[in-house]
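Q: Could you take me on a close look at the empty space inside this protein, and at the stretches of chain around it? I work at the bench, so a walk from one spot to the next would suit me well.

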Amino acid sequence: MAEAEKKETVIIGAGPGGYVAAIRASELGQKVTVIEKSDTVGGVCLNVGCVPSKALIAAGHRLQEANDGSTWGIATQPATIDFAKTQDWKQHKVVDRMTNGVNMLLKKHNVEVINGEAVLDSDTQLRVMPTGPQQFMTANNGQVIEFDNLIIASGSRPIEIPGFSFKDRVVDSTGGLNLPEIPKEFVVIGGGYIGTELAGAYANLGSHVTIIEGTDSILAGFDKDMVAVVLKQLKKKGVTVITSAKAKTSSQDANSVTVTYEVDGKEENVKADYCMVTVGRKPNTDDLGLEYTKVELTDRGLVKTDEQGRTASEHIFAIGDIASGPALAHKAFFQGKVAAGAISGEKTANDYIGVPAVCFSDPELASVGLTESQAKEQGLEVATAKFPFAGNARAVSLDEAEGFVRLIYTKDDKTILGGGEVVGPGASDLIAELSLAVNGRMNVEDIALTIHPHPTLSEPIQEAADIALGFPTHI
């Protein structure tokens, strides 16, 4: 085996967790090396996930606005879309710009980037192999690195279900984001965050979309009254939502795919141009050589860690989609900073109570902290206060008055446990204030005494706090 190169802090993966960990570790004085098997940095989120999907969602909104401005007295001709140009804009003006920015940040912080696939040999050593098939790999192949500390941020990949191999007209979320044309008929298997977001995006772009969901509701992580607002808008766009259904098989020809599913004990078929499968993701922990280390895995393939991300091997940390907690980029950001701080001896810790969850549906959904049922399960006496966007001048002027803000707080001292929930325009931005309230253990009076600008979408948060105090103004 080649002589080992000695490195201080090594990070496997340059996705949201990995590159943020690298920057923070460098800022704390560590010499950092990042190993990334892809040709680009930024990971799934930046390249083929949350960022390009938001670009596609934005394009759908623009098309809808261009097609119908009658609410505001604006007469328009039917708009057309050059989807190839849309895809080019998404890739080159959005994704490439952001990945180039991450590359510049890594260079600015003197982070060494090695392209290749990392495989662990022990708790202190790994090899970097060229990417792609290694038919004749031997123990002497690869660049050997001996590390003082290792942060694993290897991410996750889409789950492939029986009968739906990702090929041609059956695609995963990456394929769904990069379709060559707007499908006339589009089937989405899985009504979680990704499936619902892209279903809404393609519906806005002109597709007829069918969502097939195995449970009794799409977006199972959100309360039913929040999901009901999204369902109303999906149906308004002509989206067909089939719940409590099991996808069975798919068959293709040159121009279409037929999906067979079972609902109420009966098999049904739906024919479409493309079928996208978004039923979850699997952590990338199976090909890292973890069996040669002390690192322990759960039965779901997640790495067991302490509150700083440290594994059973003292100098190896795990963050992002391979660690416990929600599989969200902003959670990975935070975990990366925590792990880098822990390596430098800081008293950092991960706190999953204040991690906001957001779905960029129509309208948007967002939540943070404990739900009412979760709080009650913990034996807490709680109350809720809810204010509708229908009572907000800004939402009404935008013609987006569906939805509400709900606070969840303790009955005795009115401490905010959950901000809980926002469904409506700008929910993805509004949740930040409620995240601060939850993390800061603020009470409803703190929110009520904070002057919110008028007319803005933030006012329903203050209005809900006023309701909690018993002094409602605009309701």
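A: Here is a walk that starts in a pocket, passes through two cavities and then follows the chain onward.

Please keep in mind as we go that this is a predicted model. Let's begin with the second largest pocket, whose volume is about 1200 Å³. Its lining is made of 32 residues, and those nearest the centre are His61, Lys237, Asp362, Asp399 and Glu400. Helices H3 (50-67), H6 (193-205), H7 (224-236) and H11 (427-439) are the elements that each give two or more residues to this lining. H3 contributes the most, with eight. Sorted by class, the lining holds 12 charged, 11 polar and nine nonpolar residues.

Two of the central residues, His61 and Asp362, turn up again when we move to enclosed space. Rolling a probe the size of a water molecule over the atoms shows where empty space is left. Across the whole structure, the search finds two cavities of 30 Å³ or more. The largest cavity has a volume of about 40 Å³, and its lining consists of Ile57, His61, Glu197, Gly200, Ala201, Asn204, Phe360, Ser361 and Asp362. H3 and H6 each bring at least two residues to that wall, with H6 giving the largest share, four residues. Three of the lining residues are nonpolar, four are polar and two are charged.

Asp362 deserves a pause. It lines the largest cavity, and it is among the residues nearest the centre of the second largest pocket. It is also joined to Pro363 by a cis peptide bond, with omega at about -10 degrees. Pro363 sits in the loop between strand E18 (357-359) and strand E19 (364-369).

From that loop it is an easy step along the chain to the second largest cavity, which holds about 30 Å³ of space. The residues around it are Gly221, Phe222, Asp223, Met226, Ser367, Thr371 and Glu421. Going by the residue ranges, Ser367 belongs to E19 and Met226 to H7. This lining has two nonpolar, three polar and two charged residues.

Glu421, another residue of that wall, falls within strand E22 (416-424), and we can follow the chain backwards from there. The loop between E21 and E22 contains Lys414. Phi of Lys414 is positive, near 60 degrees, although this residue is not a glycine. Lys414 counts as partly exposed because its relative accessible area is 25%, which lies between the 20% and 50% cut-offs.

Strand E21 (residues 404-410) gives another picture: seven of its seven residues are buried, so the strand is largely enclosed by the rest of the structure. In a regular strand the side chains alternate between the two faces of the sheet. In E21, Phe404, Arg406, Ile408 and Thr410 are buried on one side, and Val405, Leu407 and Tyr409 are buried on the other. E21 runs antiparallel to E20, and seven bridges join the two strands. One of the pairs matches Thr384 with Ile408 in E21.

Past E20 (382-388), in the loop that leads to helix H10 (393-397), lies Asn392. With a relative accessibility of 3%, Asn392 counts as buried. Leaving aside residues up to four places away in sequence, Asn392 touches Phe387, Thr456, Leu457, Glu459 and Pro460.

Those contacts take us towards the loop between helix H12 (444-448) and helix H13 (459-469), where Pro455 lies. Here is another cis bond to look for: the peptide from His454 to Pro455, with omega near -5 degrees. Upstream, the loop between H11 and H12 carries Arg441. Arg441 is not a glycine, yet its phi is positive, at about 50 degrees. H11 also brings us back to our starting point, as one of the helices that give two or more residues to the lining of the second largest pocket.

Terms used:
Residues are numbered from 1 along each chain as its sequence is written. This is a predicted model: local features need pLDDT of at least 70, side-chain atom pairs count only at pLDDT 80 or more; totals for chains, interfaces and linings use all residues. Side-chain values use heavy atoms; hydrogens and water are left out. On a 1 Å grid over the protein atoms alone, a cavity is a set of points where a 1.4 Å probe fits but cannot get out, and a pocket is an open set with protein on both sides within 12 Å along at least five of seven lines; lining residues have an atom within 4 Å of a point. Grid points are joined across faces, edges and corners, and a volume is the space filled by probe spheres set on the points. Ala, Val, Leu, Ile, Met, Phe, Trp, Tyr, Cys and Pro count as nonpolar, Asp, Glu, Lys and Arg as charged, and the others, Gly among them, as polar. Buried means under 20% relative accessible area, exposed over 50%, partly exposed in between (1.4 Å probe, protein chains only). Contact means heavy atoms within 4.5 Å. Two strands pair if DSSP finds at least two bridges between them.
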